[in-house]
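Me: I've got a structure open and would like to talk it through with you. Can we go a few residues and elements at a time?

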Amino acid sequence: MMTFLLPFTLAVAMPERAPQEALPPQDWSALPQLALRRPADPTAAMSAYVHQEVLRGRCASATRTPAGWTLPVDIAVLASADGAIRRVVPRAIHCPTVEQYAAGLVFSGARDNVDLPASVGDRWYRTRLIFAWDP
C-alpha cells in the first residue's frame, strides 16, 4: 500500500526570478510555514514515483521506519504580496529528480492558493513534502 503524507500544501517550477531575493536564506528554520487556503490532495501515484526513483538507484535518501519508507523534501517558496509564487527551491537531498518533482508539486499546489498575511511584500516561506510507501 502506498501512502503520501503532506503536512502542508503542494507546488513546482518557478515562472520568473525575483531580482533581489533569487535565493532563500541559508537558515530555513526562521522562515514562516507556507499556508494554503485549500489543503493538498495527495495521491498514491506521487509517492509511487519517488519509490520508483529509489528502486532504480537514483535516490538513496529514503529512510526505513517501522511503518515503511519515507523521504522528506524541504522546500523554500518565494511568494509575492499578491500571493503569486515567484520561486520554489528544494533543499538538496542528493536526488535531483525527486527534488525537482517535489518542487513541481509545491508550485502547482500553491498557485492561486497561498494564504499570506496582509501587506507583506515578497517573502520566503518553507514547507515539506513527505513521500511514504510500504516496504
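Me: Let's start with Ile-85: is it buried or exposed?
Reply: Bear in mind that this is a predicted model. Ile-85 sits in strand β4. Its relative accessible area is 7%, and the cut-off for buried is under 20%. So Ile-85 is buried.

Me: Which residues have the most contacts inside the largest nonpolar core?
Reply: That core has 29 residues. Ile-85, in strand β4, is one of the residues with the most contacts inside it. The full set is Leu-71, Ile-85, Val-88, Val-98 and Phe-131.

Me: Which element gives the most residues to this core?
Reply: The elements that give two or more residues are α1, β3 (68-79), β4 (85-90), α2 and β5 (123-133). Among these, the top contributor gives 7 residues. That element is α2.

Me: What does Leu-71 touch, leaving out residues up to four places away in sequence?
Reply: Leu-71 is one of the residues with the most contacts inside the largest core. Its partners include Val-98 and Phe-131, which are on that same list. In full, Leu-71 touches Val-50, Cys-59, Ser-61, Ala-62, Ile-93, Val-98, Leu-129, Ile-130, Phe-131 and Trp-133.

Me: And how many residues are in the other core, the one with Trp-28 and Leu-31?
Reply: That core lies apart from the largest one. Ala-76 and Val-89 are also among its members. Its residue count is 6.

Me: Stepping back, in what order do the elements of the protein chain run from the N terminus?
Reply: The protein chain has 2 helices and 5 strands. Of its 135 residues, 44% count as buried. From the N terminus on, the elements run β-α-β-β-β-α-β.

Me: What share of the contacts with a separation of 6 or more comes from residues 24 or more positions apart?
Reply: One pair that is 26 residues apart along the chain is Ile-85 and Arg-111, with C-alpha atoms separated by 6.4 Å. For contacts in the protein chain with a separation of 6 or more, residues 24 or more positions apart account for 83%.

Me: Are helices α1 and α2 roughly parallel or antiparallel?
Reply: The axes of α1 (residues 44-55) and α2 (residues 96-110) come within 10 Å and cross at roughly 165°. Angles over 145 degrees count as roughly antiparallel. That makes α1, relative to α2, roughly antiparallel.

Me: Which residues of α2 make the contact with α1?
Reply: The crossing of the two helices, α1 and α2, is right-handed. From α1, the contact uses Ala-45, Met-46, Tyr-49, Val-50 and Glu-53. The residues of the contact divide into 7 nonpolar, 1 polar and 1 charged. On the α2 side they are Thr-97, Val-98, Tyr-101 and Leu-105.

Me: Now the loops. What is the phi of His-94?
Reply: His-94 is in the loop between β4 and α2. With a relative accessible area of 72%, His-94 is exposed. Most residues other than glycine have a negative phi. Here the phi of His-94 is positive, near 65°.

Me: Where is Asp-112, the other residue whose phi is positive, near 55°?
Reply: Asp-112 is also a residue other than glycine. Its relative accessible area is 62%, and the cut-off for exposed is over 50%, so Asp-112 is exposed. Its place is in the loop between α2 and β5.

Me: How many Å separate Ala-84 and Asp-112, C-alpha to C-alpha?
Reply: Ala-84 is in the loop between β3 and β4, and is partly exposed at 34% relative accessible area. Leaving aside neighbours within four places in sequence, Ala-84 is in contact with Leu-78 and Ala-79. Ala-84 and Asp-112 are 28 residues apart in sequence. In space, their C-alpha separation is 6.8 Å.

Me: Last one: how far apart in space are Arg-128 and Val-106?
Reply: Arg-128 lies in strand β5. At 35% relative accessibility, Arg-128 counts as partly exposed. Arg-128 and Val-106 are 22 residues apart in sequence. C-alpha to C-alpha, the distance is 8.9 Å.

Notes
Residues are numbered from 1 along each chain as its sequence is written. This is a predicted model: local features need pLDDT of at least 70, side-chain atom pairs count only at pLDDT 80 or more; totals for chains, interfaces and linings use all residues. Side-chain values use heavy atoms; hydrogens and water are left out. Axes are lines fitted to C-alpha atoms, for helices over the stretch in contact, and angles run from 0 to 180 degrees between N-to-C directions. Helices (H or I, at least four residues) and strands (E, at least two) are DSSP runs, numbered from the N terminus. Angles under 35 degrees count as roughly parallel, over 145 as roughly antiparallel, 65 to 115 as roughly perpendicular and the rest as oblique. A crossing is left-handed if the near helix is turned anticlockwise from the far one by less than a right angle, and right-handed if clockwise. Contact means heavy atoms within 4.5 Å. Ala, Val, Leu, Ile, Met, Phe, Trp, Tyr, Cys and Pro count as nonpolar, Asp, Glu, Lys and Arg as charged, and the others, Gly among them, as polar. A nonpolar core is a set of buried Ala, Val, Leu, Ile, Met, Phe, Trp, Tyr and Cys residues joined through side-chain atoms within 4.5 Å. Buried means under 20% relative accessible area, exposed over 50%, partly exposed in between (1.4 Å probe, protein chains only).
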